[in-house]
Amino acid sequence: MIKFSGIVDDSKKIHGTKYILSTASDNTVALDGAELIPIDLGGRLITHPAISVNELGKQLLKAAADGDVDNIKTLLTKGAPFTADWLGTSPLHLAAQNNHLEITEILLRAGISKDARTKVDRTPLHMAAYEGHLQIVDTLVKQGADIDCRDLLGMTPLHWAVQNGHIEIVEYLIMNGAQIETHNKFNLTPLMIAQQTRRLDIEGVINNSLANSSLAAQNLVIQLTSEDGGESNSQGSQDFMEEMELENSNHESIIIPLEPNVIPHFQSDHSELERRA
């Protein structure tokens, strides 16, 4: 690489173009077209060679992977497109995978697709959950990313978080409504994966969530029954409880407590109906 300081003079050429080169601290510069700063010569402003849109997209991918925030901002102001590599990986995938939070936020504000898919159907949320990057997961979920998206293997972000032992991600996804009993391509739920990987802590988190979901459903049925009354509702409640018992038999035993004042209420409603009949 040739280095020198001063002004490049193309006066021997027809148009006599001149460029001022930016200098480094040692008063030298690299002879690189990207460093040429045009000056006005004879009423014409000479600009340095334009970079193709395709090249801008490639540079944006690299900047996202490297975590180069300043370059990301510069490229976006130049109109860099949201392109993907040959695997379908977008700048947001790379930022999420490498835990570059600020770049993730910048790209989302710039309008990049939050649910972009690679060739194996993985989204940026898949990437963040797989790697265990909680802040990235939180940012994507709050921006409305599909929390139950499935890749080519039928794996959701929760599946991957369990698979790789990221308990904080597991807790966050479940707390934000992720489906717990989704089966992947191999017919495995997140709970089954936790059991296979012998992560008792994650297994406990999932089982507690299942228990809480069942309890909430039971309490809802009891509330609706107590408000409406009638044999049909009581029978419906019984049928629902039997279904829940069958479903929960695949997990651990769950005891659903009933409030003491609920049973007399059921009995009084039933007696009243008998008298009217």
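**Entry 1: salt bridges**

I am counting a salt bridge wherever a side-chain nitrogen of Lys or Arg lies within 4 Å of a carboxyl oxygen of Asp or Glu. The model I have open is a predicted one, and by this rule I get 4 salt bridges. A reminder to myself: side chains of opposite charge can pair when their charged atoms come close.

I went first to Arg122, which forms a salt bridge with Asp151, with 3.4 Å between the closest N and O atoms. This pair links distant parts of the chain: Arg122 sits in the loop between H4 and H5, Asp151 in the loop between H6 and H7, and 29 residues separate them. Are the two partners buried or exposed? I noted Arg122 as partly exposed because its relative accessible area is 21%, and Asp151 as buried because its value is 7%.

Next I looked at Asp138 and Lys142, whose closest N and O atoms are 3.3 Å apart in another of the salt bridges. Both residues belong to helix H6 and are 4 residues apart, about one turn of the helix. Lys142 has 64% relative accessibility, so I put it down as exposed.

I also checked Arg199 and Asp201, whose side chains meet in a salt bridge at 2.7 Å, N to O. Arg199 has a relative accessible area of 26%, so it is partly exposed. Asp201 is partly exposed too, because its relative accessible area is 35%.

**Entry 2: helix H5 and its surroundings**

How many residues of helix H5 are buried? I found 6 of the 8 in residues 124-131, so I wrote the helix down as mostly covered, buried being under 20% relative accessible area. The buried ones are Pro124, Leu125, His126, Met127, Ala128 and Ala129. I then asked which helices they pack against. My list has helix H3 (91-97), helix H6 (134-142), helix H7 (157-163) and helix H8 (167-175).

I looked at both sides of H5 for positive phi values. Just after the helix, Gly132 has a positive phi of about 85°. In the loop between helix H4 (101-109) and H5 I came to Asp121. Its phi is near 65°, positive although Asp121 is not a glycine. At 30% relative accessibility, I count Asp121 as partly exposed.

**Entry 3: an aromatic pair**

I searched for aromatic pairs and the count came to 1. Tyr130 and Trp160 make an edge-to-face pair, 5.1 Å centre to centre with 65° between the planes. The pair links distant parts of the chain, with Tyr130 in helix H5 and Trp160 in helix H7, 30 residues apart. I checked how covered each ring residue is: Tyr130 is partly exposed because its relative accessibility is 33%, while Trp160 is buried because its value is 10%.

**Entry 4: the nonpolar core**

Which residues touch the most other members of the largest nonpolar core? Among its 48 residues, I noted Val137, Leu140, Val162, Val170, Leu173 and Ile206. I followed Val162 further, leaving aside its neighbours within four places in sequence. Its contacts are Val170, Pro190, Ile193, Ala194, Thr197, Ile202 and Ile206.

Val170 and Leu173 led me to H8, where the buried residues are Ile169, Val170, Tyr172, Leu173 and Ile174. After H8 comes Gly177, with a positive phi near 95°.

**Entry 5: the loop between H8 and H9**

I found Asn184 in the loop between H8 and helix H9 (190-196). Its relative accessibility is 6%, so I count Asn184 as buried. What does the side chain of Asn184 reach? I traced it to the backbone nitrogen of Phe186, at 2.8 Å. Beyond residues up to four places away in sequence, Asn184 touches Arg150, Leu153, Gly154, Met155, His159 and Ile193.

Asn187 lies in the loop between H8 and H9 as well. Its phi is positive, near 65°, in a residue other than glycine. With a relative accessible area of 51%, Asn187 is therefore exposed.

**Entry 6: the record**

I looked up the annotation in UniProt, where an unreviewed entry gives "repeat: ANK" for residues 87-119, 120-152 and 153-185. For residues 120-152, I found the end C-alpha atoms 5 Å apart, with the span 52% helix and 0% strand. For residues 153-185, the end C-alpha atoms lie 5 Å apart, and the span is 48% helix and 0% strand.

Key: Residues are numbered from 1 along each chain as its sequence is written. This is a predicted model: local features need pLDDT of at least 70, side-chain atom pairs count only at pLDDT 80 or more; totals for chains, interfaces and linings use all residues. Side-chain values use heavy atoms; hydrogens and water are left out. Buried means under 20% relative accessible area, exposed over 50%, partly exposed in between (1.4 Å probe, protein chains only). Helices (H or I, at least four residues) and strands (E, at least two) are DSSP runs, numbered from the N terminus. Contact means heavy atoms within 4.5 Å. Rings of Phe, Tyr and Trp (its six-membered ring) pair if their centres lie within 6.5 Å; planes under 30 degrees apart count as stacked, over 60 as edge-to-face and the rest as tilted. A nonpolar core is a set of buried Ala, Val, Leu, Ile, Met, Phe, Trp, Tyr and Cys residues joined through side-chain atoms within 4.5 Å. A polar contact is a pair of N or O atoms within 3.5 Å; within protein, one must be able to donate a hydrogen and the other to accept it, and residues adjacent in sequence count only if both atoms are side-chain atoms. UniProt positions are given in the numbering used here, feature names are shortened, and annotations may be inferred rather than shown by experiment.
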